[in-house]
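Here is a quick tour for someone meeting this structure for the very first time. Have a look at it, then read on.

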Amino acid sequence: MLWLVPALPLLGSVVSLFFGRRLPKALAGTIASGAVLGAFVVALLAVLEFVAGDTTHPFQQHLFPWIAWGEGRAQVLVAEAGLLLDPLSSVMVLVVTGVGFLIHLYSMGYMAHDPSYPRFFTYLNLFAFSMLVLVLANNFLFMFVGWELVGLCSYLLIGFWFTRPSAASAGKKAFVVNRVGDWGFLVALLLIWTTFGTFQFFADPAVATTGGVLDDPGRVIRDGSLALAIALLLFVGAVGKSAQVPLYVWLPDAMEGPTPVSALIHAATMVTAGIYMVARVHTLYELAPASLAVVATIGALTAIFAASIGLVQTDIKRVLAYSTVSQLGYMFLALGAGAFAAGIFHLMTHAFFKALLFLGAGSVIHALSDEQDLRRMGGLFSPLKVTALTFLAGWLAIIGFPGFSGFFSKDLILAKTLERGLEDPWYLVLYAVALLTVAMTAFYMSRLVFLAFFGRHRGADEGLMPAEARAVPEHEPAAAAGAVATHQRASPVVHASHNSRAADREAHGAHGAHGSTPHESPWIMLIALIVLALLSIGGGWVGIPPFMVGAAGHESPFEAFLAPSVAAHGAAEAHGALEATMEWVATGASVVMAGIGVAIAAALYLAGTPSPADFARRFRQPYLWLLNKWYVDELYQALIAHPGARLAAFLAAFDLGVVDGAVNGIARLSRGTGAALRSVQSGYVRGYAVTMLIGAFAILAFWAFRG
Amino acid sequence: MDQFPLLSTLIFLPLIGAVVALFFPRGNELWLRVWALFVSVVVFLFSVPLWFSFDAAEVGFQFVEVLPWVPEVGIDYRVGVDGISLLLVLLTTFLMPIVILSTWNSIEQRVKEFVSVALLLETAMIGTFLALDLFLFFIFWELMLVPMYFLIGVWGGPRRIYAAVKFFLYTMAGSALMLVAMMALYFLTSVPTASGHTFNLLEILRIPVPSDLQVWLFAAFAIAFAIKVPMFPFHTWLPDAHVEAPTSGSVILAAVLLKMGTYGFLRFCLPLFPQAVVAAVPLIALLSVIGIVYGALVAAMQRDVKKLVAYSSVSHLGLVMLGIFALTPIALQGSLLQMVNHGISTGALFLLVGMLYERAHTRIIDDFGGVAKLMPVFAAFFLLVMFSSVGLPGTNGFVGEFLILLGTFEAAALNLQIYAVVAASGVILGAVYLLWTYQRVMQGPVREHVGTNGHGLRLTDINAREIAVLVPLAIIILWIGFYPKPFLDRTAASLNAVGQRVAAESGRPVLAGPR
């Protein structure tokens, strides 16, 4: 029955592809959403059945031998198509289908006026299928299929409005940057095969296979450096897919896609594939502790780096995009601290609140006839009550307001990092970084909320007056220099509003005359918002730590549930847990940091003292660095893309001039020695042809007469 | 003859069709096309039983037919099929109807000659794959050149004569060396017949070729085949030939003719000269990896889509060569499958480019923009074929590529790990040039009228005939992508035998160390 979970969206995708254009829009959308809802229901039943039994042994379903040859004992099996259900994939499959369904529902409203409606749902369902293959696969190679196919869908959906050059570029950028990561994954696969001779995650007692890779890999790997190599190469793949430093650059550009896509693929599900993968193969990482330190460090670095950029961005979706990068950093920090359950916990709550925030942003954008610039928003609370209230729930969740889902998951990560820091001081540094990021997160999210929903509506203002805009004139030299670079989106200040208006024409061409009054979105979109808001509030209660409720033990129910999949072996469990008082202090610290962030944002954007413009002018240089995203895109352009293009151009000239030149040179030389080559040559060919033909006929005749 | 001569039927049916076509009265273009399609479909139908009756467990040749031809000098008409040639023969018979259907409107001049030449080419190609007599092989090998020469030289683009002559001379140069080596092998044999020697491949496989001679004979064969593949640095005839050839010529060239080179390595070089092969591994692997990266980088810089696809072939076939010389069972399986995959995917790419060219009369990338908006069905096929060429999992390209990389990485005895790692980076570069092309041609602002001199043509989506051309290819792409087992089953035994033969005779283990 488990196979139905990926099969239903695949079927939906095929139906949309072939019949979508002939069906009424509402029906096409219903079929697509229904397919994902069906997958959710089946997944829920499968998970309930699994949980009722012994969860320490994963359930496997072998579909068919995929890359294989021969029969019986002589069979060579490189990889099968097979599925696996264990606590880890249970969580993933429910998040993917559950959140996925809500976003399908929302899309039916959001994309209602798009002429390419069936194509959108074809891609969206194909994505759901791919993501489900990724999280349910029972071996590395089949997982890689899902891994690559979600990349394909991401490419297709970022470039959904492909006639916009920026969207086409962003799609390509996403795919290519991801491929850099996939190179690491691919080489890791080669190492895994030569080391273990199989790609299966776990042995299946039911079919008496030999051991899987993850069944105690230490029994095969005695060489720590081999484990380190595999772990780090896999992590290269995770860094690409989950948008970590240094491969995060594709994710902000991915906001060119329709907003539901940003919510589903570039916030809630696909980008978390790296987290899932590392958690899945954690036993390999534990063999090489240094790899975990790398994971944690990259995670913390990404968290603070992306948050710093998010502080000043003016496009509502880009702020959320950098926020996603930053939050994914938190998850990797958790994994790197050996707290795999904490990482998955945050993955889940983040899926709820970040999907909510993106969909809420989409609702705002929709309400403002596709305005994405925060500087043109404001005062949206009263016209958009439902959107605003649900958005506030998402805001409180992400900043870690006590009781909301993000509070529990982020707190767990911080506590685990601190705990780890007691043994390894490096993690104390990472803890400090993460704590500082809490304040930054609170600041940029509060800034977004205040600019969008509170204050005066600035939609009708001439020019870009509010916020920090005045600090940087539109033709600021730095920004202008960026815009000259081949990268289309170098200057956010200048280009953001252009893009949003282009999106407007594309997405809602038939619907353009909203006038200037913001209007609430249709109910089908609001339902998704409300459900996600409830999840953002209560979704974290499954992970309330025992110390808060005065219970015994050290594990929350969520951690206990995941334990069979991700319980750390050995080292991580041995060290002592924090004292309850320490836990309270740690929790208090992060709440205080979040409070500071909110307070600064409130001072700047609600009270206006000091004015954000003055503030930006005073710290002009740092402000410009942040606004231009640390110039990383420009750096990559200069260091990789340009030299690469120059090398390719050189080789093309080399091929024509030297390699082919040599061939033609030899030909000319021989022509010089002989008589007029042309006559010899054409005579030769003709004579040759005749000979050959005669020969062919001779063969034919011979066979005819003999046989 | 106690069994139906299936293989001879496959070889000579197209030839009969070609001859019959010559007797069609002038002015019957439509009937000529229908005739050619009919013949090629019948040939394909005759090849289908091969797929089903082929015994996958059998190592040796099947459906063998032998007729003495010139017994005085030990030349036989000897044909047979094994796991190495099976898929390539099927690829040929499968593609020919597609190619002929694709030329329905594009070939308007000299249709009768075109039909005859195309069918003659089919005879030559199938004959080359099936010949088990070195002389017979050579006849068919050379016979392929003539129709291809005319395809490029008569129905080609503006520089067709240059390209055709270059193609012909370049290949001939290699063939001359091969002929000498074949003669040497011939004189090494000793059989109790009047001639004392034989061109029979099965006999030649029994003789131990002396080590010092192996190097020279291997070199002669290898150069002939390397030109055909084409391997870096013998590849420069390919872009010219592709650019000037008509679509049908490009499809056949890319899909089948290039496979003659890699087929030659598998059929002759590996089994006949195992010691020389093992000695040559570092050189060939190096050239292959250079070809992979070099082909991809140069492809990225091309302005003409056909040239771009031509250079991508250099890259892809570099990977196939790497797999062949990795000598492990997995790599050999991957290489043979990838030969088929390249035939399907690159053939399809050329067909797609041809469809675009028929509409716009240009192949220059910069002349296009937003084509996907005007031709959505075309764009969907283009996407699928592109990702198959990029090697996305779920398409045929991934299975072949991955098996090659895996098998190469595994070839620890030959120290090929680093080559596999570098080759894997070709994966990234493949994505770069194809996605960039897709972006510039299919995406971006719509240019309704494509053309250089102002009054360009309006692009219309592909019609039912063109969809019929592409659908079979799309099905194969997904079939091999999701369930390659039936293909791999049929090739395993023969390739294993070749791999084991090399290992046994060269004295080097194929794999090193325990798992």
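Is the crossing of helix 10 of chain B and helix 12 of chain B left-handed or right-handed? Their crossing is right-handed. Keep in mind that this is a predicted model.

Let's stay with that pair for a moment. Helix 10 of chain B covers residues 247–272 and helix 12 of chain B covers residues 305–326; their axes come within 11 Å, crossing at roughly 20 degrees. Angles under 35 degrees count as roughly parallel, so helix 10 of chain B is roughly parallel to helix 12 of chain B. On the helix 10 side, the residues that meet helix 12 of chain B are Ser250(B), Ala254(B), Leu258(B), Thr262(B), Phe265(B) and Leu266(B). Across from them, helix 12 of chain B brings Lys306(B), Ser313(B), Leu317(B), Val320(B), Met321(B) and Ile324(B). Sorted by class, this contact has eight nonpolar, three polar and one charged residues.

Chain B also touches chain A: 58 residues of chain B are in contact with 51 residues of chain A. On chain B's side, helix 17 (residues 417–442) gives the most, with 11 residues. The side of chain B that touches chain A has 43 nonpolar, nine polar and six charged residues.

Here are the two contact make-ups in one place:

| Contact | Nonpolar | Polar | Charged |
|---|---|---|---|
| Helix 10 of chain B with helix 12 of chain B | eight residues | three residues | one residue |
| Side of chain B that touches chain A | 43 residues | nine residues | six residues |

Now for chain A itself. It has 27 helices and two strands, and 57% of its 707 residues are buried. Take the contacts in chain A between residues at least 6 apart in sequence: 79% of them join residues at least 24 apart.

Helix 2 of chain A (residues 25–52) makes a nice check. With 28 residues at 1.5 Å each, helix 2 should span 40 Å, and its end C-alpha atoms are indeed 40 Å apart, so the two agree. Its buried residues include Ala28(A), Gly29(A), Val36(A), Phe40(A) and Ala46(A). The buried residues of helix 2 pack against helix 1 (4–19), strand 2 (76–85), helix 3 (87–110) and helix 4 (117–136) of chain A.

Last stop: Asp366(B), in the loop between helix 13 (329–360) and helix 14 (371–374) of chain B. Is Asp366(B) buried or exposed? Asp366(B) is exposed, because just 10 other C-beta atoms lie within 10 Å, and 12 or fewer counts as exposed. Its C-alpha atom is separated by 56 Å from that of Arg206(B), 160 residues apart along the chain.

Notes:
Residues numbered from 1 in each chain as written. Chains lettered and ligands numbered in written order. Predicted model: local features only at pLDDT ≥ 70, side-chain atom pairs only at ≥ 80, totals over all residues. Axes fitted to C-alpha atoms, helices over the stretch in contact; angles between N-to-C directions. Helix = DSSP H or I, 4+ residues; strand = E, 2+ residues; numbered from the N terminus. Parallel < 35°, antiparallel > 145°, perpendicular 65-115°, else oblique. Left-handed = near helix turned anticlockwise from the far one by under 90°. Contact = placed C-beta atoms within 7 Å. Nonpolar A, V, L, I, M, F, W, Y, C, P; charged D, E, K, R; others polar. Expected span 1.5 Å × (residues − 1). Buried ≥ 20, exposed ≤ 12 C-beta atoms within 10 Å, placed from the backbone.
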